[in-house]
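Work through the following exercises with the sequence and the coordinates side by side, and attempt each task before reading its solution.

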Amino acid sequence: MKTSNKFTTVRIIAAPVFFIVYFLPVWLNAENLSPLAVASVCIAIPLLAFAEFTDYLDGHFARKHNEVSDFGKLYDPFADVFLHISTFTCFTISEYCPPIVLVLIIYREFAQNFLRMVAAKKGTAIAARKGGKLKTVFYVAAGFVSLAQEALVRTGLASVWGLNMEAFYIVGVCFYIVCVLLAYISFIDYLVHFGKVLKEEM
């Protein structure tokens, strides 16, 4: 396996691992401030940070080792979606991410993947465009805002520092709203540039 694809695979593996680590205290009825609750966020934060960092690493090594390929152009965004849908599901269940945001993002990503499949069938591999990359940046930022909220609650620091978690929640929701807007704006951009493959097939 190419080095770049190995880093992409890390995101796919990290997604279910993050899900398990995040919810393990909940499944075992561990209370906030308990060793398990604290340990879960101490593991989840660097785990998610490294998983997101591999998105840079796979592109870096693909260019460095001349490993850019049509497969990679499909595999990389698939891994991104796999990870972000997993994390957003966690934060939706924890009520940091509004359910409608998750549904709209899933709709967008399924539509985008369908466009990629149709284009691939026609011999065109759709690489990430600038709008899609900006959308991904906000996906990452929104995820870490929610994870920070959960970390503050599980470790008790929210109470110790007297933080206004309601304001924190509103900030997080604003990030998710921007995520949805950027997701659909970027999808329209993809349709403008690659929509002809759909017209040809239909």
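**Exercise 1. Compare the reach of helix α5 with the span expected for it.**

Solution. The model is a predicted one. Begin with the extent of helix α5, which runs over residues 130-155 and so holds 26 residues, the expected span being 1.5 Å times one less than that number. From its first C-alpha to its last, α5 reaches 37 Å, which is close to the 38 Å expected. Then look just past the end of the helix, where α5 is followed by G156, a residue whose phi is positive, near 80 degrees.

**Exercise 2. Describe the largest pocket by its volume, its lining and the helices that supply that lining.**

Solution. Start with the space itself, which amounts to about 790 Å³. Next, take the lining, which is made up of 35 residues, with D55, D58, D76, A128 and K133 lying nearest the centre of the pocket. Assigning the lining to helices shows that α1 (3-27), α2 (35-64), α3 (70-93), α4 (99-121) and α5 each supply at least two residues, and that the largest share, eight residues, comes from α2. Finally, sorting the lining by class gives eleven nonpolar, eleven polar and 13 charged residues.

**Exercise 3. Which residues line the second largest pocket, and how do they divide by class?**

Solution. The second largest pocket holds about 160 Å³ of space, and its lining consists of F78, V81, F82, I85, I106, E109, F110 and N113. The elements that give two or more residues to this lining are α3 and α4. By class, the lining residues divide into six nonpolar, one polar and one charged.

Key: Residues are numbered from 1 along each chain as its sequence is written. This is a predicted model: local features need pLDDT of at least 70, side-chain atom pairs count only at pLDDT 80 or more; totals for chains, interfaces and linings use all residues. Side-chain values use heavy atoms; hydrogens and water are left out. Helices (H or I, at least four residues) and strands (E, at least two) are DSSP runs, numbered from the N terminus. On a 1 Å grid over the protein atoms alone, a cavity is a set of points where a 1.4 Å probe fits but cannot get out, and a pocket is an open set with protein on both sides within 12 Å along at least five of seven lines; lining residues have an atom within 4 Å of a point. Grid points are joined across faces, edges and corners, and a volume is the space filled by probe spheres set on the points. Ala, Val, Leu, Ile, Met, Phe, Trp, Tyr, Cys and Pro count as nonpolar, Asp, Glu, Lys and Arg as charged, and the others, Gly among them, as polar.
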